[in-house]
Amino acid sequence: MQDLNDYFSSVSTKSNFQCDLGELGGFINFTNSGQRGLKEFTISLKSILTGLQDIVDNINAFENHSTYVEKSWRDLGSKYFTDLVLQSMITVQTKPCFTTFSKVISWANDIDPSEHDDNLIDLRVSSLNNAIAKIKNLSQRFTPINARQLSPKSQTNQNTTIISESGIGLFAYKLIEFLTKNNIELPLFENLLEKNPDSRNYNIELNGYRLTSIFRASHHPLSEDDLKRANKVRFFTTPFKVNSDLYYLSNQWTDGTDSRLDIQTLITIFNELYDDYKIFKENENYVLIQTSQKEQKSLPDNVTTLSKPFLLLAGISGTGKTRFVREQAKATGSISDTYCLTSVRPDWHEPSDILGYTSRLGGDGNANYITTDVLQFIAKAWRAIIDSGLELEPEGNGLAVIGNKNELNQVLPYWLCLDEMNLAPVEQYFADYLSVLETREWQWDDEHFTYCCDSLLKSETIKQLGDKSKLREALGFTGEQYDDAWNLFCEHGLGLPFNLIVAGTVNMDETTHGFSRKVIDRALSFDFGDFFPNEFDNFFEPKVTHNALSYPIDSQASIDKLPPIDRDGSKSISFLKSINKVLDDTPFQLAFRALNELLLAVISAYPEGEKQLQAVWDDFLMCKVLPRIEGDHDKLAVISDSVSSHEESLLTELTAILKQELIDIWSIEDDPDKLRPDLYRKNIDGSFLYIACRSKAKLTWMQQRLERSGFTSFWP
């Protein structure tokens with residue numbers, strides 16, 4: 001029988017994914033295809049052996065997947081592989097893992113290397129058992145030179161020291177300075193409690209720990225006399241600007257005395273709030289480090305890919321809309337890094353309120369750019385893309401990001417929460433974002449992608465600045481690793497990063513503004529009470545959990561990505577045409593954008609049966625169609641010539657149409673056979689959650705509201 005390493009060498013000409021046996025034995029080294037940068041990985045024979053046994057033990061699940069399909073093998077590996085290294089590796093490097101297993105099985109069964117195919121694997125039980133026996137025999141021939149646990153390279157000595165300071169107060173000041181400069185102060189500042197409204201002194205309180213009067217806040221600069229108590233200055237005189245307020249940090253720090261400002265209490269609170277940073281005392285110094293966890297973190301398994309990166313979360317106050325966005329950021333990243341909360345002000349009326357503006361009020365008369373938290377967070381999302389190793393190139397009116405699909409697992413979603421989004425007119429202050437949003441374009445060539453969009457911060461604006469380095473520093477691009485990217489941003493502008501998800505929380509009352517169809521057409525609108533209901537009976541022990549959501553990776557529906565249940569899109573197209581028959585000649589009529597987004601939703605959910613497909617349609621109605629419909633009896637009258645009906649309104653006519661289109665999930669009563677799967681939630685044990693048809697209940701509610709008050713809309 002041929003040696004395994006010789007077999008790997010023989011098959012190399014037939015494979016885009018190279019393998020060899022590790023020099024010290026007991027491990028297999030393998031690569032990706034190298035088309036967008038060669039990367040090498042290592043996996044132990046033990047992990048290979050465990051994976052082979054897992055396939056045999058779950059052969060009923062694997063046996064029909066001998067031809068490579070990335071999603072299928074990623075899901076199978078995530079679900080059935082018990083070796084944690086292999087499980088995490090196959091979710092990120094699915095094709096390289098697949099081909100490595102294929103080669104090992106072929107070698108064990110004496111398959112001619114010339115017959116190797118990267119897209120095929122032998123899943124016959126006899127072949128798998130041969131591979132298990134021979135890998136087991138091979139692994140027993142190796143003895144580790146030093147018997148110690150091996151750790152991945154990425155976990156060795158990756159901690160970075162950020163602050164090391166012997167002075168207690170000075171360390172506390174540098175810590176807050178670091179957090180605010182990097183726009184990661186939110187987790188700490190969310191726990192501020194006002195101690196004294198007159199002096200505007202604030203405590204920080206968390207889980208029984210308290211830092212008393214840690215900050216004094218003001219809308220305007222304070223003098224030294226303002227910061228004194230008993231003729232002694234009690235606060236640092238240089239403040240930190242957070243949102244529109246200035247925060248002065250107390251200088252009254254102690255260590256281990258259990259006083260009102262004990263550094264040990266700050267360390268405990270900080271280490272509880274921040275996953276990617278840690279504080280400890282080493283010798284006589286207080287040290288802040290960035291841990292290796294940030295570099296290792298990748299997207300969790302089984303995320304739900306959104307079809308649009310702009311969400312409207314509508315519902316009555318107190319239902320948990322803002323907390324939902326925060327929890328999504330925790331599920332796919334961390335609060336300190338991938339979450340930004342911005343409270344919308346009623347006086348916002350133009351894009352500069354959210355994206356910043358050019359000012360010439362400096363003493364030298366040169367133009368300077370005044371940034372905002374939102375623009376800084378957008379830049380932070382761009383830094384994550386650059387840090388992942390993806391390439392930037394000029395493209396059209398902006399920049400293109402180029403890379404492999406498996407590299408996207410290392411790019412986390414960045415969640416921007418616009419709280420009370422419609423306190424100001426969204427069409428005005430968010431106009432630039434809404435326009436650029438529609439220029440996003442994803443292009444795929446097998447597993448290689450190109451993403452591009454127009455710029456949000458124009459290159460002309462950057463070029464007119466007197467000192468671009470100030471803007472560079474404000475946006476966090478100061479490191480040498482960002483030199484090339486910054487030059488490209490200066491030349492071509494700063495566009496929308498593909499990993500940015502904007503979620504606006506929405507209340508509809510007399511203090512807020514409505515939405516035009518321009519906004520609704522560009523967003524996914526969720527009635528929060530329908531999609532994520534507050535279940536009082538399960539307050540202490542929730543029985544369902546929300547799916548982790550991630551950014552879209554398609555902008556235009558492609559027929560080759562549609563699932564077999566609707567392989568050419570004809571079912572979804574027919575469904576939308578039936579809806580449009582009712583909406584023809586009304587302001588609510590649907591166009592190509594709606595069709596594209598329906599097909600993207602089908603691609604994203606990838607339904608396997610009719611009920612799942614109709615569940616996608618049901619949610620599309622809730623997110624994209626019904627939010628457009630509002631008006632009185634006259635506006636909602638059925639006027640289309642293509643509809644011959646005696647129905648009293650457009651709503652009841654839609655109900656009659658949907659009763660046929662959603663026949664598998666439409667029920668007059670709660671028929672268990674008509675329940676549909678929930679695509680955004682699941683049971684706490686991970687199993688499917690089944691619910692009643694959402695659009696049926698919403699249409700009934702809207703019609704009753706019309707009859708009761710003479711006017712209706714989608715919004716609660």
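How far apart are the end C-alpha atoms of helix 7, and what span should its 15 residues cover? In this predicted model, the end C-alpha atoms of helix 7 (residues 125-139) are 21 Å apart. At 1.5 Å a residue, the helix should span 21 Å, so the two values agree. The expected span is 1.5 Å times one less than the number of residues. Six positions are named as buried in this helix: S127, L128, A131, I132, I135 and L138. Seen down the helix axis, these buried residues fall within an arc of 140°, so they line one face of helix 7.

The largest nonpolar core holds 131 residues. F310, F430, F489, F498 and I629 touch the most other members. Helix 15 (residues 373-387) gives the most to this core, with 10 residues. F489 illustrates the packing around one of these hubs. Leaving aside neighbours within four places in sequence, F489 is in contact with W382, I386, L392, L399, I462, F477 and L494. A second, separate core has 37 residues, among them L192, Y202, W253 and L273. In soluble globular proteins, nonpolar side chains tend to be buried together.

The cysteines were examined next. A search of the whole structure finds 0 disulfides. C490 is therefore in no disulfide: the nearest cysteine sulfur, that of C453, is 17 Å away, whereas a disulfide needs sulfur atoms within 2.5 Å. C490 is buried, at 11% relative accessible area, because the cut-off is 20%. C97 is also buried, with a relative accessible area of 2%.

Lysine K698 is a polar residue to consider alongside these positions. K698 is found in helix 27 (residues 694-709). Is K698 buried or exposed? Its relative accessible area is 4%, so K698 counts as buried. The side chain of K698 makes a polar contact with the side chain of D527, at 2.5 Å. Not counting residues up to four places away in sequence, K698 touches D527, D530, M622, L626 and F714. D527 thus appears both in the contact list of K698 and as its polar partner.

H65 occupies a loop, between helix 3 (59-62) and helix 4 (70-80). At 23% relative accessibility, H65 counts as partly exposed. Beyond neighbours within four places in sequence, H65 is in contact with S72, W73, L76, F98, I121 and L123. The C-alpha atoms of H65 and I214 are separated by 60 Å. These two residues are 149 residues apart along the chain.

Backbone geometry was considered last. Which residue of strand 7 (residues 209-218) is listed here? S213 is found in that strand. S213 has a positive phi of about 50°, although it is not a glycine. S213 is buried, with a relative accessible area of 7%. A positive phi is also found at Y606, again a residue other than glycine, with a value near 50°. Y606 lies in the loop between helix 24 (592-605) and helix 25 (610-625). At 30% relative accessibility, Y606 counts as partly exposed.

Key: Residues numbered from 1 in each chain as written. Predicted model: local features only at pLDDT ≥ 70, side-chain atom pairs only at ≥ 80, totals over all residues. Heavy atoms only, no water. Helix = DSSP H or I, 4+ residues; strand = E, 2+ residues; numbered from the N terminus. Buried < 20%, exposed > 50% of the residue type's maximum accessible area, 1.4 Å probe, protein only. Polar contact = N/O pair within 3.5 Å; in protein donor to acceptor, adjacent residues only side chain to side chain. Contact = heavy atoms within 4.5 Å. Arc of directions from axis to C-beta. Core = buried A, V, L, I, M, F, W, Y, C linked by side-chain atoms within 4.5 Å.
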